Amino acid sequence: MEGSRNRKRTNILLTGSIAQKLKQIRQAKGLSQEFVYLETEVHVGRVESGKVNISVVTLSILCDYYGVTLEEFFRGIKTE
């Protein structure tokens with residue numbers, strides 16, 4: 001356990017599911033990544049790639065912007 005403190009914790013399926021859902025919501029609203037960035041200052045291209053671990057605060061900003069509650073957002077998200 002000694003070395004486990006410094007190891008990053010990741011869940012590729014969860015990160016990918018969140019990225020995919022954010023992309024689907026953005027596209028359904030007919031918004032470009034650039035437009036969302038200009039409105040929210042969130043680099044959604046990075047988030048939607050699924051390669052970065054999005055913070056709860058950033059997810060909340062995007063959900064508020066898209067008019068979706070966090071509860072609605074997490075419905076159907078796969079974690080395993």
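The following exchange concerns a predicted model of one chain and the reasons behind the terms applied to it.

Reader: What makes up the chain, in terms of helices and strands?

Author: The chain has five helices and zero strands. Read from the N terminus, the order is therefore written α-α-α-α-α. Its C-alpha atoms fill a box of roughly 45 × 25 × 20 Å along the principal axes.

Reader: Why is the contact of Glu48 and Arg26 called a salt bridge?

Author: The term requires a side-chain nitrogen of Lys or Arg within 4 Å of a carboxyl oxygen of Asp or Glu. For Glu48 and Arg26 the N to O distance is 2.7 Å, so the pair qualifies as a salt bridge.

Reader: What does the pair Glu48 and Arg26 tie together?

Author: Glu48 belongs to helix 3 (residues 44–48) and Arg26 to helix 1, so the pair ties together parts 22 residues apart in sequence. Both Glu48 and Arg26 are buried, which means that each has under 20% relative accessible area.

Reader: How many salt bridges does the structure hold, and what makes Arg75 and Glu71 count as one?

Author: The structure holds two salt bridges. In the pair of Arg75 and Glu71, the closest N and O atoms are 3.6 Å apart; the limit is 4 Å, and therefore this pair also counts as a salt bridge. Arg75 and Glu71 are both exposed, a term that stands for over 50% relative accessible area.

Reader: Why is Lys21 said to have no salt bridge?

Author: The nearest side chain of opposite charge to Lys21 is Glu72, 8.7 Å away. A salt bridge needs a distance within 4 Å, so Lys21 has none. Lys21, which lies in helix 1, is nevertheless buried.

Reader: What does the side chain of Lys21 reach, and why may this be called a polar contact?

Author: The side chain of Lys21 reaches the backbone oxygen of Arg75 at 2.7 Å. A polar contact joins N or O atoms within 3.5 Å, one able to donate a hydrogen and the other to accept it, so the term applies here.

Reader: Which elements and residues form the lining of the largest pocket?

Author: The largest pocket holds about 190 Å³ of space. Its lining has 16 residues, and those closest to the centre are Leu14, Ile18, Asn53, Ile54 and Phe74. Helix 1 (12–28) and helix 4 (56–66) each give two or more residues to the lining, and helix 1 supplies the largest share, five residues. By kind, the lining residues comprise ten nonpolar, five polar and one charged.

Technical notes. Residues numbered from 1 in each chain as written. Predicted model: local features only at pLDDT ≥ 70, side-chain atom pairs only at ≥ 80, totals over all residues. Heavy atoms only, no water. 1 Å grid on protein atoms, 1.4 Å probe; cavity = no way out; pocket = protein on both sides within 12 Å on 5 of 7 lines; lining within 4 Å. Points joined across faces, edges and corners; volume = space filled by probe spheres on them. Helix = DSSP H or I, 4+ residues; strand = E, 2+ residues; numbered from the N terminus. Nonpolar A, V, L, I, M, F, W, Y, C, P; charged D, E, K, R; others polar. Buried < 20%, exposed > 50% of the residue type's maximum accessible area, 1.4 Å probe, protein only. Lys, Arg positive; Asp, Glu negative; His and termini not counted.
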